[in-house]
Amino acid sequence: MIYSIPYVLLTVFLGLLALLHEKYKDDPSVPVNITAVGILMFFVFFGFRGFVFHDWTSYYVEFEEIDVYKLSTYEFGNIKEHEPGWLLLSILCKGIINNYHFFIFVITLADVILFCRFLKRYTDNILLSMVIFLAFGGFASMCNLLRNILAIMIFVNALPYLEKRKPIPYFLLCVLAFSFHYSSIFFFPLYFFLHRHTNKYVYLAIVIVCNIVFVLHVPILLSLVKIFHVGGDFLERKIEVYTETTGSRGVGLGFLERLLTALLIFCYYDKLTGARKSNCMFVNAFLLYLTTFSALSEFDEIAKRFSILYLFSYWILWPEIRKCFYFPNNRLLFNIFLGLYCVLKIVTTVNHVVMEYDNILLGGIKSYQERKYIFSKEFQNPDE
């Protein structure tokens, strides 16, 4: 639990600021912009972090291998295997300042600017949405999934163009997102249906089917491969072995949270979609999240990587659901549940020695060699 303390403190701090913002947002006597303070804290926490979580072990090596004086991308080491947008950003940052932490600073700055730009348009409480983002894999996304999260942040800023039916800027931003992570290809077809109003009973039917698939461990992907014989016997055997190895996740806290969220959306469906037309997009995105997560649940890592593309629905829908409660006591109970659940999620998911937090501004960080030794001891050869 000790390793999760800094992450919990950031979340609690932002949560308290979110409540203060709600209380004093219309009070001109408050001299401080509470939201700006929270955003700055969020940026400092991630922008000046050390070698935390896992994926720095590859990103750091790739960054060090870049030679900005070589013209051929095939001479840039392992980074040539990444998307062109990421490659160009890496080269540009190294050309300006040859320091990996400057690279992280730039990426975090881009993430935060895009994140806040999106939230400012679709929510009244940016800090509350940030808390929800952190609780639902935000720490791992910001520290590990550098390319994924940048692509997602670019895409969510394309949603206003989807809403206004402006295809050219929408698809251009999707192309930009695709240049940072190839999974963004799944954003392209959303233009044609994400904005549409879904009948609440069709929504409920999809939710029921998804939960049945998840609870009964129905192997959707394996069944499709067998029916259409995609990839032949080789792929079929590989999927069967992978399924047996990873297993299906059981019914736990995550399942109950998804079920509760789905039911709350259904109960307040008319209020949600009536309050803001844009909420239709996020309800549909939640359905995509639930469908993807359930259909791929036999593959733990694949389910996480694909469903995260639509997790932005939570950032907007939970604050919107909270506003739907008529009685103050119900809103208070939801606040308590939300706070406790977010802290519980972080304590249970961000608590490992490789996640030990340090910050450049707080007296320095552990060196790459120190962190590499800790990482190797935990995951590879203890004698390294």
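## A walk through an all-helix chain

Of the 384 residues in this chain, 49% count as buried. Keep in mind as we go that this is a predicted model. Its secondary structure comes to 19 helices and zero strands. Among contacts with a separation of 6 or more, 75% join residues that sit 24 or more positions apart. On the outside, the chain exposes about 18600 Å², and carbon and sulfur atoms supply 67% of that area.

Let's start with the inside. The largest nonpolar core holds 120 residues, and Leu159 and Trp315 have the most contacts within it. Helix H6 makes the largest contribution to this core, with 13 residues. As a general point, nonpolar side chains in soluble globular proteins tend to be buried together. To get a feel for the surroundings of Trp315, look past the residues up to four places away in sequence: Trp315 touches Phe115, Phe118, Leu119, Ser129, Ile132, Phe133, Ile152, Met153 and Val156.

H6 itself deserves a closer look. This helix runs over residues 126-143, and 16 of its 18 residues are buried. How far apart are the end C-alpha atoms of H6? They are only 21 Å apart, short of the 26 Å that a straight helix would reach at 1.5 Å a residue. Now follow the helix along to Gly137: a kink of about 80° is centred there.

For a contrast, turn to helix H19, residues 368-379. Its 12 residues reach 16 Å from first C-alpha to last, close to the 16 Å expected at 1.5 Å a residue. The buried residues in H19 include Tyr368, Arg371, Ile374, Phe375 and Ser376. Helix H3 (56-65) is part of what covers the buried residues of H19.

Back to the end of H6, where the loop leading to helix H7 (146-156) contains Asn144. Is Asn144 buried or exposed? Asn144 counts as buried because its relative accessibility is 10%, under the 20% cut-off. Leaving aside neighbours within four places in sequence, Asn144 is in contact with Phe53, His54, Asp55 and Tyr59.

One of those partners, Phe53, is worth a stop of its own. Phe53 sits in the loop between helix H2 (34-47) and H3. With a relative accessible area of 2%, Phe53 is buried. The backbone is the curious part: Phe53 has a positive phi of about 70° although it is not a glycine. Most residues other than glycine have a negative phi.

Another residue with this backbone feature is Arg165, whose phi is positive at about 60° although Arg165 is not a glycine. You'll find Arg165 in the loop between helix H8 (159-163) and helix H9 (167-178). Arg165 counts as partly exposed because its relative accessibility is 33%, which lies between the cut-offs of 20% and 50%.

Last stop: the loop between H3 and helix H4 (84-96), where Tyr69 lies. Tyr69 is exposed, with a relative accessible area of 74%, and that is over the 50% cut-off. Which separation links Tyr69 and Gly95, 26 residues apart along the chain? Their C-alpha atoms are separated by 9.0 Å.

Definitions and conventions. Residues are numbered from 1 along each chain as its sequence is written. Side-chain values use heavy atoms; hydrogens and water are left out. Helices (H or I, at least four residues) and strands (E, at least two) are DSSP runs, numbered from the N terminus. The expected span of a helix is 1.5 Å times one less than its number of residues. The bend at a residue is the angle between axes fitted to the seven residues ending there and the seven starting there. Buried means under 20% relative accessible area, exposed over 50%, partly exposed in between (1.4 Å probe, protein chains only). Contact means heavy atoms within 4.5 Å. Accessible areas come from the Shrake-Rupley method with a 1.4 Å probe; for residues, only the protein chains shown count as cover. A nonpolar core is a set of buried Ala, Val, Leu, Ile, Met, Phe, Trp, Tyr and Cys residues joined through side-chain atoms within 4.5 Å.
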